[in-house]
Amino acid sequence: MSNSFKSSLVDTFHRPIDYVRIAVTSQCNLRCAYCMSEEHEERADKVPILSTQEMITLIEVLASVGVSKIRFTGGEPLLRMDIVELVCRAKQAGINMVTLTTNGLLLDRFLPGLIHAGLDAINFSIDSLDSERYYSITRRDYYSRVRDNLDKLLNADIIPVKLNVVLMRDINSDEIREFVDLTRLYPVTVRFMELQPFDDNQIWRTGKFLGADRIQDLLKHSYPELQTITGHATQYYSYIMPDHKGTIAIIPAFTRNFCSQCNKIRITSDGKIISCLYKKEGLTLLPLLQGNASHEMIADLLRKAVSQKPEDGKHGSRDSVRTSMSEIGG
Ligand code: SAM
Ligand code: SF4
């Protein structure tokens with residue numbers, strides 16, 4: 001592909017945009033109470049999703065405008081039968097970091113293919129290590145398969161793994177020790193994340209939110225010997241236990257404002273470019289991807305979306321509150 005129009009994406013506030021999260025589907029095989037309503041699928045069914053070829057074109061254009069990291073997410077990305085091909089094509093297009101966020105239920109089916117395709121890292125979401133509690137959070141009885149897939153993934157030690165754990169008061173906040181224990185033997189990063197207000201059921205409004213400072217207190221109470229380490233920008237708090245192989249992070253997804261360092265945009269499964277998590281409206285790529293638009297025209301729309309990125313979406317004016325992270329990919 002020609003690189004004649006290669007120029008990086010930079011927004012109005014001089015932030016380079018080199019990271020794109022693509023929700024490859026909005027459908028899911030779980031129903032996490034803080035994310036989706038039971039009726040989600042009926043809504044999702046009505047929304048068109050980008051075809052394999054449309055995704056590949058998009059990925060190639062993203063590579064050509066200097067995007068260096070793509071995260072495939074959803075909904076549940078492993079529900080797409082072409083997920084291995086998408087990873088492969090992203091690597092072939094020159095994307096440096098290609099990662100995936102998954103609930104892990106179908107990982108046994110896809111892991112060998114994903115590794116072969118060049119996947120660089122996996123975020124594995126699991127909010128409880130207790131089967132009954134897992135069921136009450138996800139509303140699906142799949143704990144044993146998910147746990148088996150997690151154990152196999154950690155034991156294989158073939159790809160960097162981060163665990164996403166949304167920590168909620170009186171739901172799973174007493175499981176910190178069980179999760180930290182995984183870092184003893186495995187070089188995994190356990191990430192305790194704040195609940196965000198993007199949930200169909202509005203668990204958010206029921207007092208289950210635990211802020212990063214409170215999570216930190218709970219963690220330090222359980223492990224006074226915890227050592228602070230310097231983490232990545234979004235992992236505001238990062239720790240290691242002496243003699244453990246893995247690390248622990250707290251993600252203040254809601255309370256901390258990352259806007260000044262934001263380097264990403266999102267693409268929905270129906271092809272809308274969302275320039276900010278707090279903006280509901282996006283520019284739609286679908287007509288361009290379905291028509292005969294040139295790569296340059298698609299790149300121009302990406303630039304336009306980036307130019308509309310707000311300086312501070314959380315505190316600025318919002319279109320409206322989003323109902324589920326699955327719409328845009330968490
Ligand atoms: N289905 C995949 C999974 O669960 O990993 C990918 C999509 S899911 C939307 C991505 C991440 O967003 C998961 O780690 C999930 O726990 C998180 N998430 C979803 N809704 C959330 C909410 N209301 N607050 C915080 N995190 C949320
Ligand atoms: Fe599905 Fe992920 Fe949402 Fe859970 S968090 S319902 S696994 S999209």
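**Notes on the two ligand shells and three helix pairs**

1. Let's start with ligand 1. One of its oxygen atoms sits 3.1 Å from an N or O atom in the side chain of asparagine 164. Keep in mind while reading that this is a predicted model. As for cover, the protein takes up 96% of the 540 Å² of accessible area that ligand 1 has on its own. Two elements each give two or more residues to the shell around ligand 1: strand E5 (97-102) and strand E7 (161-166).

2. What else is polar around ligand 1? Tyrosine 34 has a polar side-chain atom 2.9 Å from an oxygen atom of the ligand. Threonine 102 contributes through its backbone instead, with an N or O atom there lying 3.3 Å from an oxygen atom of ligand 1.

3. On the wider shell of ligand 1: there are 20 residues around this ligand, and those coming nearest are Tyr34, Gly75, Ser125, Asn164 and Gln196. By class, the shell splits into 7 nonpolar, 10 polar and 3 charged residues.

4. Now ligand 2. Which residues are around ligand 2? The list reads Cys28, Leu30, Cys32, Cys35, Met36, Gly75 and Asn103. In class terms that shell has 5 nonpolar and 2 polar residues, with no charged ones. Worth a look in the viewer: Gly75 is listed around ligand 2, and Gly75 is also among the residues that come nearest to ligand 1.

5. Over to the helices, beginning with H3 (residues 83-92) and H4 (residues 107-117). Their axes are 8 Å apart and the packing angle is about 10°, which makes H3 roughly parallel to H4. On the H3 side the contact uses Ile83, Val84, Val87, Cys88 and Lys91, and these meet Phe110, Gly113, Leu114 and Ala117 in H4. Sorted by class, the contact of H3 with H4 holds 7 nonpolar, 1 polar and 1 charged residues.

6. H4 also pairs with helix H6 (residues 143-156): the two axes come within 10 Å and cross at roughly 25°. Angles under 35 degrees count as roughly parallel, so H4 and H6 get that label. Here H4 brings Leu107, Asp108, Arg109 and Leu111, while H6 brings Arg145, Asn149 and Leu153. The contact of H4 with H6 has 3 nonpolar, 1 polar and 3 charged residues.

7. Last pair: helix H2 (residues 52-64) and helix H10 (residues 295-307). How do their axes cross? They come within 10 Å and the crossing is at roughly 70°, so H2 and H10 are roughly perpendicular to each other. Thr57, Glu60, Val61 and Leu62 make the contact from H2, with His295, Ile298, Ala299 and Leu302 on the H10 side. The class split for H2 with H10 is 5 nonpolar, 2 polar and 1 charged.

How values were computed. Residues are numbered from 1 along each chain as its sequence is written. Chains are lettered from A and ligands numbered from 1 in the order in which they are written. This is a predicted model: local features need pLDDT of at least 70, side-chain atom pairs count only at pLDDT 80 or more; totals for chains, interfaces and linings use all residues. Side-chain values use heavy atoms; hydrogens and water are left out. A residue is near a molecule or strand if one of its heavy atoms lies within 4 Å of it. A polar contact is a pair of N or O atoms within 3.5 Å; within protein, one must be able to donate a hydrogen and the other to accept it, and residues adjacent in sequence count only if both atoms are side-chain atoms. Accessible areas come from the Shrake-Rupley method with a 1.4 Å probe; for residues, only the protein chains shown count as cover. Helices (H or I, at least four residues) and strands (E, at least two) are DSSP runs, numbered from the N terminus. Ala, Val, Leu, Ile, Met, Phe, Trp, Tyr, Cys and Pro count as nonpolar, Asp, Glu, Lys and Arg as charged, and the others, Gly among them, as polar. Axes are lines fitted to C-alpha atoms, for helices over the stretch in contact, and angles run from 0 to 180 degrees between N-to-C directions. Angles under 35 degrees count as roughly parallel, over 145 as roughly antiparallel, 65 to 115 as roughly perpendicular and the rest as oblique. Contact means heavy atoms within 4.5 Å.
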